[in-house]
Structures are given as structure tokens and as C-alpha cells.
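Take a look at the model below. This report walks through a sheet, a strand pair and a helix, and then turns to confidence.

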There are 2 protein chains.
Amino acid sequence: MPDSAPTSAPSPAPHNGERHLALRRVAIDTWHENVAYLHRDCEVYRAEGFQALSKVEVRANGRRILATLNVVDDASIVACQQLGLSEDAFRQLGVEPGHLVAISQAERPESMSALFRKIAGERLGRDEFLSIVRDIASLRYSKIELTAFVVACNRSELDREEVYFLTEAMVATGRRLDWKEPLVVDKHCIGGIPGNRTSMLVVPIVAAHGLLCPKTSSRAITSPAGTADTMEVLARVELPFDQLAGIVREHRGCLAWGGTADLSPADDVLISVERPLSIDSPGQMVASILSKKIAAGSTHLVLDMPIGPTAKVRSMPEAQRLRRLFEYVAHRMHLSLDVVITDGRQPIGSGIGPVLEARDVMRVLQNDPDAPNDLRQKALRLAGRMIEADPDVRGGDGFAIARDILDSGRALVRMNALIAAQGMQGERAFDHQHPALGALVVEVCASNSGVVSSIDNYQIARIARLAGAPKVKAAGVELLRKLGEPVRAGEPLYRIYADYPSDLEFARQASARASGYLIGTSGDVPQVFVEF
Amino acid sequence: MPDSAPTSAPSPAPHNGERHLALRRVAIDTWHENVAYLHRDCEVYRAEGFQALSKVEVRANGRRILATLNVVDDASIVACQQLGLSEDAFRQLGVEPGHLVAISQAERPESMSALFRKIAGERLGRDEFLSIVRDIASLRYSKIELTAFVVACNRSELDREEVYFLTEAMVATGRRLDWKEPLVVDKHCIGGIPGNRTSMLVVPIVAAHGLLCPKTSSRAITSPAGTADTMEVLARVELPFDQLAGIVREHRGCLAWGGTADLSPADDVLISVERPLSIDSPGQMVASILSKKIAAGSTHLVLDMPIGPTAKVRSMPEAQRLRRLFEYVAHRMHLSLDVVITDGRQPIGSGIGPVLEARDVMRVLQNDPDAPNDLRQKALRLAGRMIEADPDVRGGDGFAIARDILDSGRALVRMNALIAAQGMQGERAFDHQHPALGALVVEVCASNSGVVSSIDNYQIARIARLAGAPKVKAAGVELLRKLGEPVRAGEPLYRIYADYPSDLEFARQASARASGYLIGTSGDVPQVFVEF
């Protein structure tokens, strides 16, 4: 029962050559979505026929991209013989304005049937995950399709074997670094705790010990500062890969990153829909974190997993379940993993926002008496666990080694070497005694007296973000009271710094709706359940 | 343990008045998504700070809309003191260009916590469905949030009580018509069968019998023609509601609709993400169909449920399960429902596309010997079941009454009256003997001899759509062979009609990849399992 091969009748022969339009760059930044602009009266293609379909394929010079089509009625934006592309799409296609381009309806991505099976609740195999992840990595999925995949994989919908397949596919569809050394250590936090800038302490300590630690730092996505945003206060962070690799070889570490987009590229795409939905299911978190680290060439990873009422993980049984899943997949992927459960009841340190966090970090490195002790202790603990990856270090000795490196000033020396190698930011070194903070300030005060019994990580992060962090380096929140500390009515709880009046106003309004603090009695302070 | 009410320190007081921009209409049609355009160097707002968040709220004159923000670097599109809005967004805000507007970060929709609970697999109550549907109906959900809701409700995730809550919420958040009559009949097909234009026969028959039948017809979304698209070949279909209600009162029916968007508005929004994912889960289908019909004021509904290998429902047990769910929800909503299971193995009639389908319909009404018998028989069966809603008609008599109305020409008279009342399309009546079909034609032929053993509803619909239907009325597919008919190699199976060379070429390429026909033996033709 063969499929009949249709033959065309000779009468009015279809035009066979490709129809072309001239490419135009449209200066609109569509935020991670390719958009093509076609004039409604385009003479070559009927704009309306295309628009009903979800995506078009744009081809030029042997290259092709997918884009969402917008129909334009203003020839000054795009003329009838032109095809406009938004900034991202233009960059991705990579040909000059005026170049001839052709468009057609986009074929559905190959993996669509596997996606539909996952939506229907079926278990997928290795090849199906590979096919889906390949389409995602090459931006062939629409936001709708991406969201469907993410939601269908949410909850307990992925068994641990599937999480392994997903992780493996995410590594396989991107670049993978090889540092040509047997031991490459890294640390990572599952996130959610503002001010948790331990990487900028751990890397100089561990590198000073001699372990290779090419920290794959990133910019903030939904938080008020990522390691890259904060390090940028001190040094250049966007370096060509070759320069970066040279710094890693010479100094055993770095705090810069230019090329994470090539490592597990599907991860960045999936994150763009997971974040707005606050989806952070165990399977997706494990695949996201481990794929990036494995692609970056790490052999040993210390994972910081904070627990607390407003942290990502809210109970010890949940933490143990998540730890086992991380360990299973890491083992299958031949990554040595050490999960450290930490105190996630409140932000770490006192500053939230790039400059404020850089001040906290430099105070710790300088052994300044004003240095936040919680940040110092946590960094030492994590650095100690990383140092224990060294076969010459006895289990239990890491913490003391790390403390010695920090107290002796060797960590500060190494940090200054990294700053010099990456390129100092500005003319003069960062003055951690007098950093340039946002010129506009609001203090948020306690309305009653008592003891700080709760600090909402999420709300504090949100206020810092509204104030302008991380784009405005000097913006953010400085915490003046931490958990368990007494406060009197009218005394300040924290300060909001901003550079722009509209930012300050948005942050102030948010803090007026919910300050993020609760004032109660010392009995109300939640207990901490962490491993030591 | 009260939440502390923060107080602002007096020092640099935030600017308190609203910051304003001048509204500009940007002639870009963003296809059902509101987009706001802000210049990167806007003096009032920092574009980049906003862009990191997903949506902004635009306010003017007491009205407010939500929009996705695009950042612009070209002052000829939007200048530094302006805020641009895409066509849809501009219309929705409803103020004049140049009017002062203010923007702020959009607050998350109220129902977000209920959405997150559904994503996490929990069962939701009546109030939670109402809150989600209210936010969806007022366009407060992003595409990502909508997709998450749809996928989370997919499969057996909704129990039948939840389907009832969803249906009820969809009715409650829109307009509801009241025809002030005890009996208002309607029919609906669950979809998926090209050429299935029975409404244009059923309405004149049932209205001629005297029952009130204000058919809520719609335009095609993913199919090559909806009832409104096909009726538009004959008459005007977009009428102000008052005129339409007058026609219904005078002629007992109509085949036009201007106002379906107000009826269950959440349905249209949900469909915009369900269609690209081919999601048509039982719960969503039931809520979608029943909410529209109940909002349109129907008291009795005959539901056409086709079964076939390429229909939406592919087996009798599946059809029975779906029927029970429809009946449960209809009963809770006090709608009298009659489900009719029909033959969905292939398209109905010979024409697919507005003009071709209008020809089939008019041939049946004219009792033309070339009229497709499958369309005639199916329309009579459905009309008969509707007529049996009349308490004066004995069960089993409906078919004969319908046949009599059709054979006697009374249905044609009623159709002509409806055409005249709605306003004839063009100067002269539609000539069903010589309709104006697409000027460009391709015939698709059989590659081997045998019997037509399968026609793929989906592929035929896709080819008709690529040829330009429904936007190009004269475009589409004319089937020359139906299931079980013999064909010799080289003989044509169907003709593709188009008006534009690029459309014809896209349709031809799709049919070359898969014609949609299988030629086998008479034993290969699937059997039909339908109720009579």
C-alpha cells in the first residue's frame, strides 16, 4: 500500500525560482526572540498567509534561522521589497543589510512527535531526549513548545534515568572544554539566597592551594547579582576564550567568563521559560547545573544546597531526595560530586547588589573587622571541601587549610593577581572602605520592637532588583539587621540604594507593600538544620 | 508577629508624580500579543531595567493594558519621549496618539499561586478556576503562563468536577446572551474533518421548521475554512449585534457572527496556545465547546463527534469516554445535549476551501444531481436530531421532517432569505454552477492503480491551507476520488486551486512530500463504526 507519488499537471506551471527580498536590520531588541518584519503589501509573499502559521524560516547565503513574523504597515520600518529582522535575528543570520533573503513556512521541528509523547505523559528514551534537546539548542522551539516541554517534565514526570538522558543530551549538543588535567574543581549553589557571593572567595583560596578552578561564573538572570556582575565591579569579565584559558593556566583559576553560551546551550533556552514560571523541578535543576559543569570540563563539583523557609529547598527530607538525584546523575556522568547542605534562612553577608557584594567580599579577603562573618565561614567551609578533592589532603583538613590561606593574605594576593590578569575595572583599585554606592537612598525601618524573626530571601532580592541591580552596579540593598538581632520600632532594617528616581520609587513601593522582614521574639527565629 | 510597615527616610525624596511619555501608534501587527516599544535612551524610564522583567503595564486615561516590552534604537520608530504600542495594544488601550501614558512593571496576575499549584499537580477548586480564567480572559497571562496552564491541565489532570468548574468560569467571565425563548438549538462539531460544512444546511432546515437557531459560526483557526469563512462567499457575516439579533428574530436563524469574542473570551486565548501544540485534551475540548454554546444562549446542543483513523477521536471506547464527560458537564450547566457519533474517516463533500465548500452546500440546497451525498445525508441526520428537540416531534421523525424541508426547496428559500437579510456578497448571487475558483491549478495523480484506501484529513487540510484557504476564498482542494473508489495510475486524485504562485508552490511541495492518499485494495478501506 505505497503512498502515491503525486505528479503535477502541466497547466499554469508554478514559479520555480526562489523569491527574494532585501534584508533590513530593524533596530528593535526583542529580548531573546527572533522577529521578522514583513510589509503587509509585500509583492513577493502574502504576509497574512504566513502570519497565521507560527514561524517562518529565513534563508540567506546558505544560512537559515527561524523567526516569528510581524506584519508591518509602515514602509519606513520595512518597505514592500524588504524583509526586516530584529537585532537578535539579524545577528544570528549573520549577513549584511541589503543581502537577498528568502522566506518560507517553517517546518515543525523533527522532535515534535517526541514532545507530544512527553506532553501525553510517556517516558522518553535517550534518542528522543537527544532529538528534543538538539532542536531546543538550535532555537527551533517556540516559547509555547518550550514551555510545554518544561511543564511536561515538571513534578515527578522524569524518572532518574530520564534526568540522566536529559543531562547527557544537554552536554552533547554543546561545546565541551578539556583542561587536560586530571583534577578540575568547581563549586555551584542551587541558588535563591541573595548576597551569597562565596565564589569570589572560594576561587582565590582554592587556586592559591594549587587546584585548577576555572569558575564558570554567570550574570544574574532573576537575582540582583551574579558572580560575573559582582566581579565586574573589580575587573573585566568578558574576555576572549584564549586569553581566559591563559589566565587559568597561569593563575590556576579565573572569575570571568565569555563563553558559557556554547556550553549546554539548551540550558539557557530552557531557563528563559522556567524562570517566569518559578519552575525549578528537581530533574530540570539537576540537568541544568550538571550539564553546564560537565561541559565546562569540571571533574569535581562541590554543590551548595541552602535550606530555609524562603530558600529553594525547604526541608531536610526534600534536601536528601534532591541530593540523591544529583548524586545518581553525577555518577552516571563520571563527575565526582560533594553536596553540602547549608543555612538558607536569610541572605548571606550584608550587601545585595554588585558593588555592595564586592565590598563584602573584599572585606573578607582583607580580614577587615567589619567583614560579614557568615560569608567568611561559609566560603571557608566550601573551599575546604573543594581542597579535600586534592588526594594529598586528609579528609577533615580542608577547612583549616582554607582558613590559613585566607588569614595569611594569600587569598587576597591571588585575587589581586586575577584582577590584574583580567584587567582592572577603571583607573584605580576598588576602594572597599568607600565604594561608590547609589546616590539615592531610602531607609526601611521597623514598625515595632522585637527580634528579627524572618527575612524573606525572595522579597529582599526583588527589592534590590527593582532598585536597579544588577544593571546599575551601585544599586541594591544593604541589610542592617540579620536574623535573631534585636531592633526597636523606628530603627532601620535596611537601606535601599539607587541611581535613578524611578528605580528608587519602584523599590520603595515594593518594600512598602512587603518589607520582607518579620519582627517577633527570639523564639520565633527558625532553627537551622545543616550538616557540618 | 506583624509585618513591619516600613517608613521612608526623608533624605533624597523620591519623585512622586507619575512620569509620562507621549503615546505613538507603531504600525506593526504582532499577532495577538501586545508589544510596547521604548527607546533605549528614554529619558524617563530605563528601558533595560524594564526589559529584564517580562511585562509592563501601560496606563492612560484611567485605562490599563499589559504589554511585552521591546527596546528600540531607532528614533524614527519611537523617539526618546515616546512610548510606542503595536496595533493590537494601541486598539486595546483606546486613547489617541500623543496622549500621555505612564508605564510600570506589571504585577504578577493574582491567580499565579493557583497556577503554580496546578503545575505542581494539585486539584483546584471553583474559586481558583474562576481566578485563573478571569486573568486569562483579561489578557493578563503571558504565552508562557498560558501554555503552562494548558499543559498542566492536559491528560487526565482535570477530573470531571474540575472540567465543570473550568466551563463555568469561562462562561462567567464573558457575556451571556438571552434569547428569551425556552428552546434555543445549536449544533457543533468537535472538528478535524475538512469540508464538513453541515451548519450551512442545518441552520436553514431547522429554522424553516421553526426552531430558533442562532448559529455561532466562527472563522477557521487552523482549518482551511470555518462556517463564517464559507458563508462570507455568499453574504456579509460581520454584522453589528443588534442587526444580527433582528435577523434571528425574523428568520429564526442566522449564519453570521460578530460577537463571539465576548462569549467565553478565555476560550479564544487558550486556543491560541492549544492549537500550536495540537493539544485537544478531553477536559479542554469540553470546556471550550460548552462554554461558547452556553454563553451564546443555547438550551439544546447536537454535537457531531466524528471517529476515524485521522479524526480527533480514533476509537469507539475513546468516543464513549468523551461523550460521558460532555454529558456530565452539560448536565451540571443545565444544557440539553445530544451527542451524535459520525463517520470521520475522510473529508466530507468534495470541496475544501471557502468557495469550493460553498459550491457543495448550494448544490445540496438546490437538489443538484452533482451534490455530494455524504454532506447531504450527514446534514439531514444532524438537522433531524435538532428538530427532535421540538416537543411536538416524535423521536425518530426528525430525519424525515428535515428531508422534506430540504427536498421541497424550503431550506433553499430560507437560505436565500438569510443571505438577503445579512446582505448579499457582491452584485450577483453566487453561481454554484460556475464559481470563481483559483486561477492556478495543479492536479495530484495516483502513482499506482487500485482502490482509495485512506485519505488523511490532516494532510488534505494542510495542503488546502498552504494553497491560501481560507484567506484566499477561491483557493483550496477539490477531491476527485473518495474512499473505496477505484483509480488508475496517472489519474487525478484531487486538484489544488490557488491565486498566488508562491501559495501554489508551497501546497504542491507539501503534496509531493505526502499526498494524503493511500491506494490499496478494497479490503484495506477501514470500516465505519457509527451510531445511527
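In chain A, three strands form an open sheet of 3 strands in the order E8-E11-E12, with parallel pairing. Strands, like helices, are DSSP runs numbered from the N terminus; a strand (E) has at least two residues, a helix (H or I) at least four. Two strands pair if DSSP finds at least two bridges between them. Strand E8 (185–189) and strand E12 (336–343) of chain A each have a single partner strand, so one side of each lacks a neighbour in the sheet. From one strand to the next, the twist averages 20 degrees. Helix H14 (residues 373–387) of chain A packs on this sheet and touches E8, E11 and E12 of chain A. The direction of H14(A) makes about 165 degrees with that of E12(A). Such axes are lines fitted to C-alpha atoms, for helices over the stretch in contact, and angles run from 0 to 180 degrees between N-to-C directions. Contact means that C-beta atoms, placed from the backbone, lie within 7 Å.

Here are two strand pairs, one from each chain.

| Strands | Bridges | Direction | Facing residues |
|---|---|---|---|
| E8(A) and E11(A) (residues 300–307) | 5 bridges | parallel | His188(A) and Leu303(A) |
| E15(B) (residues 450–455) and E19(B) | 4 bridges | antiparallel | Val451(B) and Gly520(B) |

In a regular strand the side chains alternate between the two faces of the sheet. Strand E19 (residues 517–520) of chain B shows this alternation. Tyr517(B) and Ile519(B) point to one face and are buried. Leu518(B) and Gly520(B) point to the other face and are not buried. A residue is buried if 20 or more other C-beta atoms, placed from the backbone, lie within 10 Å of its own.

Next comes helix H3 (residues 112–119) of chain A. Its buried residues are Ala114(A), Leu115(A), Lys118(A) and Ile119(A). They fall within an arc of 145 degrees seen down the axis of H3(A), so they line one face of the helix. The arc is taken from the directions from the helix axis to the C-beta atoms. Their cover includes helix H4 (126–137) and helix H5 (143–152) of chain A, along with helix H5 (143–152) of chain B. Just after H3(A), Gly121(A) takes a positive phi of about 90 degrees.

How far can the model be trusted? This is a predicted model, where local features need pLDDT of at least 70, side-chain atom pairs count only at pLDDT 80 or more, and totals for chains, interfaces and linings use all residues. Residues are numbered from 1 along each chain as its sequence is written, while chains are lettered from A and ligands numbered from 1 in the order in which they are written. Chain A averages a pLDDT (the predictor's confidence in each residue, from 0 to 100) of 89. The complex gets an ipTM of 0.75 and a pTM of 0.80 from the predictor.

How values were computed. Two residues are in contact if their C-beta atoms, placed from the backbone, lie within 7 Å. A residue is buried if 20 or more other C-beta atoms lie within 10 Å of its own, exposed if 12 or fewer, and partly exposed in between; C-beta atoms are placed from the backbone.
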